Structure formats: structure tokens, C-alpha cells
Amino acid sequence: MFDLGTSFLASVEKDPGALAVVDGDLHLTYAEWYRRISALVAALDALGLRKGDRVLTLMQNRWENASLHWACQFAGLIVTPLNWRAKPDEVEYALSDAEAKAIFYEDVTKEAVDEAPSAASRPRLSADDLARAMEADAPDAAPRADASDWSLMLYTSGTTSRPKGVPRRHRAERAAAIAHVAQNLYRRGERTLGVMPLYHTMGVRSLLASSITTGAFVCLPKFDAERAIDLIEREQITNLYLVPTLYHDIVHHPAFTPTRVKTVTKLGFAGAPMTDGLLKKLQRAFEPELFVNHYGSSEIYTFAIDQNAAAKPGSAGRAAINQRIRVVKLNASSPDELAAPGEEGEIIASLQGDEAFEGYWNRPDADAKALRQGWYFTGDTGFFDADGDLFVTGRVDDMIITGGENVSPVEVESCLSLHEQVAEVAVAGLPDERWGQVVVAFVKRRGNVSAEELDEFCRTSGLANFRRPRRYVFVEAIPKSPVGKILRRKLVACEYEEERPRETQ
């Protein structure tokens, strides 16, 4: 299998005049971009960096960041991207944990880098430095890594502990990119909106998949719905791969019209469940040829895929090209303790697939918890329906146990999302002396709907009695992570005023 540098070089040779990257007024072909990347490889050499070194990046989705990613693939350096919103203590932790040899940043991340004590002892280059370096003349870069070398180390989001490093080899990254192309039916010359961050597996996948199809990666450094709509129209974007939150913001923006996004023929989403209401709205607004639900993680890119997401809301479909999946009983210790069809359990995925990682960076405790007998225990809950399709219901830690019954927040959220006066909703379990936990819905309203009206809607929608929210909290915003995942722990921790439709369960 090709390493990623060779993979990029093959695209340059195949289609040198094809549009490769766009950032504002900058438009570069593959041949032009390769010259810039080659110059950047020479600049990395001048810093004293050598094959196998890890480098920390803190940049938005600008062309300098995308170029650095590719230059590192050629040079055999291991890209370690960090959220550009990271605080100084998070930068310090990553520098130490990854043993990073250099730091790359931009204006919005300079303060955090400056305040991280260990940063002073590392070479540091800004995005402007990278842009200037790419203006220099340099010989064409030759790939130095092979398919078995490390390419990337992502950090997973830490909730109760420090983030975990997820090292991935060139072969796993390329296998995931090829599968992404195949499962989304991408054609030569696809144009992708490059807005999912390059510190997240979805952003990296979009970048790599664009090169495999000799397509264009259109940079949107920081998400803005109006700017996204403008870029889709101006650059004739053909596919979108976003988290549900960004789709929500695009399709509800006053500037959105179906005519402005008519070049988009394929929609893909991942990172979080999509509510039934949003699925239906997107299907009407875009009328896509393909609407794909990707279910996966940083550790193993794709677990399951559904290429007709709107037809069966909530379904994550079947196992992906490079994968086997199972649902085991909750708290199972073995991958052979299978849950019955329709029974909610923990989703696990095979570590034998081409896309799989091999273990966390310096975290044997995390390996012991998640890796068992050749299977990755995801921490996600779900079930197989009678057709054999997978439904992801939430996280093991998010499961609400009320009166001895298990309630998945996702199922309740999907029901409430269909109410026309609910703009957004998140569901969590709060402590209750009698029931252990009670189901609480946090609702951002589009109108002046009451708790009683929402309760009646749940009742007539067929939601089981024990799953109906016992309390409603009306909020101005739902707390989310930078990539759109609902932060339920913040909902549980916040203070609020609530409305109760009734007191009995």
C-alpha cells in the first residue's frame, strides 16, 4: 500500500492541473500545491526535524495548515493536531505527553502557546512563517515514510480524564480515506467544504479523500453559516461532510435557499446522532443523491455506514467496508457475550480492520479498558433491529436509569425534535430521590411552547411512558463541544428553572 506522501504524488502525476486547494482568493492546482509543499518540507528539514519526530499544530482550517499536514506526510513527521481553542495547560500537557519537537500556530493560538512553559524550548513557526517558507524554491519532495510508519496522533476529547493520544499509521489513514471515497461514491474532481477541523478525524478524512479523487479542498478556517453558504455557491461545492450542528445552522440561516446549494449532491454526517426532524429538513432542502450516516471514532475511523440515512431515521446501517461490529451485553467482559436483536448493549468493533489503531499513546490503563480479545469496546450503546441495522442510542455513561428502566437520551431527543416549535433539544438524567434519575429535556424553543404541550406531543407520538421527560428546562443554547457533540455533563451541572408537566411516572 502507498504511504500518504506517495499517494499525494500519484494525484499530482495523474492530474497536475486539477484544482487542489482553495482559501479565500488563493486557488492552487495539484502541481502548484506540490511545489509549495516541497518548499515546506525543506523548511522542516532546516528546523532540524527528522523522520519519526512528532510536531504539535494549533491552527484553524487554513491552507497553511493543510499544506503542513501534507508536508509532514512526505517528511515522515507525525502530525499531532490540537484544538485551536486549547488553553495553555492543555498545550503544555500535549507538548509533554506527545514529546513534540516543534510547534506550529497562528495568531489566535499564539497566546496559549506563549503561556505554555515548555513551548519556549521548542522551535515555533507561525502560519505566516509557513506561508513565507512556501514561497522559496526547493527540490521536489520525495516521500520518506512507508505505509507502516506513523502518520498522525489525534487526541480524543477528555471528559473525566486527560485526553488520550491515538497514533495512526499511514496505511490505516489511507485505508480510511479510500473507504470514505468508496462509501460516499465520490467521483474525480469532487469539491469538499473543508470546515471540519484538522484536529478531528472528520477533517483529516475530508483532506485525504479530496486528494485521492484529485478533488478540491475548500478551506473555511472557522465555521460561519453565512460564509459556508457563500462558499458552497461560489466554489460549487459538490459534497458536505459535517456534524449535525453545522447542518442545522446552515439550513436555518436566513441566507439559505436550495438554489444557492444546488451543486451539492452528497451529504454525509458523523460525530453525533442526527435528529429525525433535521434529517427530514435536510432531505427536503438538498434533495441529495446520497445521504450518508457515518458512525465511527478517532480510534477506528468507520464502524458502520448507512447510505440512505433519511429513509430510516436513527439507523447507522451495517458494518463499514473495513469492519466487523457486534453489540454485546452492557458490562460484558468478553466480545462473545452478545446482546439479542433489539436488546440495548455496548457496541464493539474489530481491531483487525485496515482502519484500526493499535492502542493509545502511553496509556496501558485505557488499553486495558477498551481493547479486549481483538475488539475495541467503544463505550457507545446501541442495538440491532430486526433487519440487522445498527442503531446507536448514546454513551454507556449517558444512559439514564429511571425506576429500573434504561432510557437512551437520543430516542427522546429524536421524538421532541419533530415538534415544530423545538429548535434544539438535549436530554439528560438528573438525580431523584424516588426514581434514582429522572428524564429531563433541555429545550431551545422556536416559539412559546409549554412543558404541557411538549408532554402531550411525546404522549401522542408513541414514546413509552417511562421515557417521557418528567421535567423541561427552556434554555437559550445547548452546550456543545467544538465539533458539535452535546455536552450532557454541563447540562447536569448547570443551575436552571424548570417546568414540570406532572409529578407521576
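Is Phe 303 buried or exposed? In this predicted model, Phe 303 is buried, with a relative accessible area of 0%. That residue makes a good starting point for a walk through the ring pairs, the charged contacts and the strands of the structure.

The ring of Phe 303 has a partner, Tyr 376, and the two ring centres are 6.3 Å apart. Their planes meet at 45°, which is over 30 degrees but not over 60, so the pair counts as tilted. Tyr 376 is buried as well, since its relative accessible area of 5% falls under the 20% cut-off. The pair links distant parts of the chain: Phe 303 belongs to strand E14 (residues 302-306) and Tyr 376 to strand E19 (residues 375-384), 73 residues apart.

Aromatic pairs come to a count of 13. Another of them joins Tyr 34 and Phe 74, which is tilted too, with 5.9 Å from centre to centre and 35° between the planes. Tyr 34 lies in helix H2 (residues 30-46) and Phe 74 in helix H3 (residues 63-75), so this contact ties together parts that are 40 residues apart in sequence. Both residues are buried. Tyr 34 and Phe 74 also take part in a wider grouping, as ring pairs link Phe 8, Tyr 30, Trp 33, Tyr 34, Trp 70 and Phe 74 into a cluster.

Rings can also have charged neighbours in this model, as two examples show. Lys 164 lies over the face of Tyr 360, at 5.3 Å from the ring centre. In the other example, Arg 205 has its charged end over the ring of Tyr 301, 4.7 Å from the centre.

Turning to contacts between opposite charges, a search of the whole structure finds 33 salt bridges. One of them brings together the side chains of Arg 36 and Glu 135, at 3.7 Å from N to O. Arg 36 lies in helix H2, while Glu 135 lies in the loop between helix H6 (127-133) and strand E7 (150-155), so the salt bridge ties together parts that are 99 residues apart in sequence. Glu 135 counts as exposed because its relative accessibility of 54% is over the 50% cut-off.

A second salt bridge joins Lys 329 to Glu 343, with the closest N and O atoms 3.3 Å apart. Both residues lie in the loop between strand E16 (325-328) and strand E17 (345-350), so here the linked parts are 14 residues apart in sequence. Lys 329 is partly exposed, with a relative accessible area of 36%, and Glu 343 is partly exposed at 29%.

A third salt bridge connects the side chains of Asp 380 and Arg 395, at 2.7 Å from N to O. Asp 380 is in strand E19 and Arg 395 is in strand E20 (residues 390-395), so the contact ties together parts that are 15 residues apart in sequence. Asp 380 is buried, with a relative accessible area of 11%, whereas Arg 395 counts as partly exposed at 36%. Further salt bridges that share partners join Lys 312, Arg 318, Asp 385, Asp 387 and Asp 389 into one network.

How do E19 and E20 fit together, and how many bridges join them? The two strands run antiparallel and are joined by five bridges. Asp 380 stands opposite Arg 395 in E20, and these residues are also the partners in the salt bridge just described. E19 and E20 form a hairpin with five residues between them, and Gly 388 in the turn has a positive phi of about 90°. E20 also has strand E15 (residues 315-319) as an antiparallel neighbour, joined to it by two bridges. In that pairing, Ser 315 has Phe 391 as its bridge partner in E20. E20 is mostly covered, as five of its six residues are buried.

Elsewhere in the chain, three strands form an open sheet in the order E23-E24-E25, with mixed pairing. Strand E23 (422-432) and strand E25 (471-474) stand at the edges and have a single partner strand each, so one side of each is left without a neighbour in the sheet. From one strand to the next, the twist averages 25°. E23 and strand E24 (residues 436-445) run antiparallel and are joined by ten bridges, and Pro 431 stands opposite Gln 437 in E24. Helix H13 (residues 409-417) lies across E23, E24 and E25, running at about 145° to E23.

Notes:
Residues numbered from 1 in each chain as written. Predicted model: local features only at pLDDT ≥ 70, side-chain atom pairs only at ≥ 80, totals over all residues. Heavy atoms only, no water. Phe/Tyr/Trp six-rings, centres within 6.5 Å; stacked < 30°, edge-to-face > 60°. Helix = DSSP H or I, 4+ residues; strand = E, 2+ residues; numbered from the N terminus. Buried < 20%, exposed > 50% of the residue type's maximum accessible area, 1.4 Å probe, protein only. Lys NZ or Arg CZ within 6 Å of the ring centre and 35° of its normal. Salt bridge = Lys/Arg side-chain N within 4 Å of Asp/Glu carboxyl O. Pairing = 2+ DSSP bridges. Axes fitted to C-alpha atoms, helices over the stretch in contact; angles between N-to-C directions. Contact = heavy atoms within 4.5 Å.
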